[in-house]
Amino acid sequence: MLENAQRILKDVFGYDSFRGRQAAIIERVANGGDALVLMPTGGGKSLCFQVPALLREGLAVVVSPLIALMDDQVATLDELGVAAVALNSTLSADQQRDIAERIRRREIKMLYLAPERLVQPRMLSFLQRLDIALFAIDEAHCVSQWGHDFRPEYLQLGQLAELFPEVPRIALTATADMRTREEIIERLHLQRAERFLSSFDRPNIFYRIVPKEQPRKQLLGFLSARKGDAGIVYCLSRKKVDEVAAFLSEQGFPALPYHAGLPSELRAYHQKRFLNEEGLIMVATIAFGMGIDKPNVRFVAHLDLPKSLEAYYQETGRAGRDGLPADAWMAYGLQDVLLLKQMLNNSEGDERHKRVEQHKLDAMLALCEETRCRRQALLAYFDEILDKPCGHCDNCTDGVQTWDATEPARQALSAIYRSGQRYGVGHLVDMLLGRDNERMRKEGHQHLSVFGVGKALSEGEWRSLFRQLVARGLADVDLEGYGGLRLSESCRPLLRGEVNLQLRRDLKPQQSAKASSSAASQLVRGDEREQWEALRALRRKLAEEHGVPPYVIFPDATLLEMLRSKPSTLPEMAQVSGVGARKLERYGEAFLQVLSGGEEAPRAVVDLRHELISLACAGMTPAQIANQLQCSQKNVYSMLADALAAQQISLDQALDLPEDLLLEIQDAFLDGEGELPAVSEVSEQFAKRVDEGVLYCVRAALQAEFQL
Ligand code: ADP
Ligand code: ZN
């Protein structure tokens, strides 16, 4: 059996060996047993049911919660030469009948379905008349009412156990906690399933958390070493998402916003572009989440603090699904703590619920202020013990300096207390530093005994200290939500001198910026760049032809291996991990040509135009685009005009023109009969008012629109 599995792995998927527990899982299911698979994102869950599906007789039925996830998997299988289809609401009745017919003729090996569709009585009886190889229930945590992805339709999947007692079922999830696990077993009737629990460590992710000083500047510093990489930037509010996306585009990093306030078509469009294009940054609220199966997300950056470690783990986990180096980066500051604590105080819900949320937030804060290995701390929270520090997080690589903050902390607490427990950090720091300003005088605080006692520390050091006091629960935020600080019960031992306090010393911003670039996840070296881009360009061209995202043609890891092992014949190409028989046949030759340098990659035109469209859609002006692509503005206009003529972009995406001016230009072109006048014929009329390139663009758009 395992020999056959191994053969399928190599022939169909192009991989040499199974990872982690894949082989054991596949053996179990192929032999007809049930399985519960808990594996982190990127662990390789799909193969766990796809290989048994190919080993067993009959149709494999895969339940998946989102159309996007299904389409992605079906496209991937299709490229591998496996007959798979997704039945969903976007298909017409005719198409659905056609699929049913092909299933009856046994032409289809794998059927993807949403749960609500599977449990329709008609569907169930249709399936009962067929040979079923297995049921796979993906994202099985959706059955849990406690998780944030609860889908009531999942509850009905339990009946499969009774309706199809002979058919093996495999449930898979990347959500690890005990409670969810037990719920899956109970609700899906998986009591007899063997459990396969993997480590939840994501070794390829580098974790870094920096104190927030000038977040945008820090973000740019982080991104500067990652130009051309795809990533996600999470922010708390919609407004901030819009602002940051605009800011990044202005700075030459193509970025799109994503949040629940955008029209759903626009959201879907942005998501699609994120999947299909390379090097795009999605700036998003947490509304951008499940369904992001893009494997080559190279970084996840947080400009605001997540509410819990569960959320942090899940959000950062969207980076590096392909197993290649990826970064999780976060800037975190006192304002985050204050804001989240206030939101919690003001939230609805009973006391017990609030206490749970409070604990979760405290655990998140503890990770931020952690002085030991971040990965050890993170995994420990999920009950997993990592023996040694990981060597792959900021604390491990940069080291953490601590200092004895006992005395200054007492001064800070006393400043809070003596001023009546209602002032914010700004004023408290002024007080400690002895700043004799208007506010100080108005409140009479220059007479307090703590006034000016803290001159030994800088303003930044005081702010860091206050942040850590709040993060550790030694001081609290006022309940009214004005950001004033109060003492909390737990600070008494410190005030009484019974305990000492060791705090983290924040790195200077320059230091942390330097450190973050040295850990950059650069995949390819400078001298490999050109060929890498050529391979990516070919992949993109093929992807466009086939109407699939580039990673469906070949994942980055496969391209990287081609780049390094430089196959020069088809048999050598077949050795590359990720090159199965079908892909070898379809694409082997084309990639060999690029590798031999024979074919000048389609880079020049296709690529540049592609990038140009991304930049224009991201809101950049032609001048900014010219700057970014390092070509003349004239060139940008001419490429924009081509893109407009080919209807790859709309006029308002390409140019930002005042409405009346645009109308005037259009009128000028449409004045005569028949053929549009040439640009030279109208250019005088607009001389000095717009760049000639604008006229070319408007003309091209008119031409495309009216097919003139
Ligand atoms: P998950 O669903 O657990 O997040 P996937 O099934 O999408 O993970 O797999 C993640 C990536 O790892 C995919 O690109 C997949 O092709 C690759 N992969 C899975 N198993 C193997 C293997 N045994 N060898 C090489 N690559 C693998
Ligand atoms: Zn570490």
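## Two sheets and a ligand: worked exercises

A nitrogen atom of ligand 1 sits 2.9 Å from a polar backbone atom of Ser17. A polar contact here is a pair of N or O atoms within 3.5 Å; within protein, one must be able to donate a hydrogen and the other to accept it, and residues adjacent in sequence count only if both atoms are side-chain atoms.

Before we go on: this is a predicted model, where local features need pLDDT of at least 70, side-chain atom pairs count only at pLDDT 80 or more, and totals for chains, interfaces and linings use all residues. Residues are numbered from 1 along each chain as its sequence is written, chains are lettered from A and ligands numbered from 1 in the order in which they are written, and side-chain values use heavy atoms, with hydrogens and water left out.

**Exercise 1. Work out what surrounds ligand 1.**

Step 1: Look for residues with a heavy atom within 4 Å of the ligand. There are 14 of them, and the closest are Tyr15, Gly42, Lys45, Ser46 and Arg321.

Step 2: Check the oxygen atoms. One lies 2.7 Å from a polar side-chain atom of Ser46, and the side chain of Arg321 has an N or O atom 2.7 Å from an oxygen atom of the ligand.

Step 3: Ask how much is covered. On its own, ligand 1 has 570 Å² of accessible area (Shrake-Rupley method, 1.4 Å probe), and the protein covers 82% of that.

Step 4: Find the top contributor. Helix 3 (residues 45–55) gives the most to the shell, with 3 residues. Helices are DSSP runs of H or I with at least four residues, strands are E runs of at least two, and both are numbered from the N terminus.

**Exercise 2. Trace the open sheet of 7 strands.**

Step 1: Write down the order, 3-4-2-5-6-1-7, with parallel pairing; two strands pair if DSSP finds at least two bridges between them.

Step 2: Find the edges. Strand 3 (84–87) and strand 7 (194–197) each have a single partner strand, so one side of each is left without a neighbour in the sheet.

Step 3: Zoom in on one pair. Strand 5 (residues 132–137) and strand 6 (residues 169–173) share 3 bridges in the parallel sense, and Ile137 has Ala171 in strand 6 as its bridge partner.

**Exercise 3. Do the same for the open sheet of 6 strands.**

Step 1: The order is 8-13-12-9-11-10, and the pairing is parallel.

Step 2: At the edges are strand 8 (205–211) and strand 10 (255–258), each pairing on one side only.

Step 3: Strand 12 (residues 297–302) and strand 13 (residues 326–332) pair over 4 bridges in the parallel sense. Within strand 13, Trp329 is the bridge partner of Ala301.
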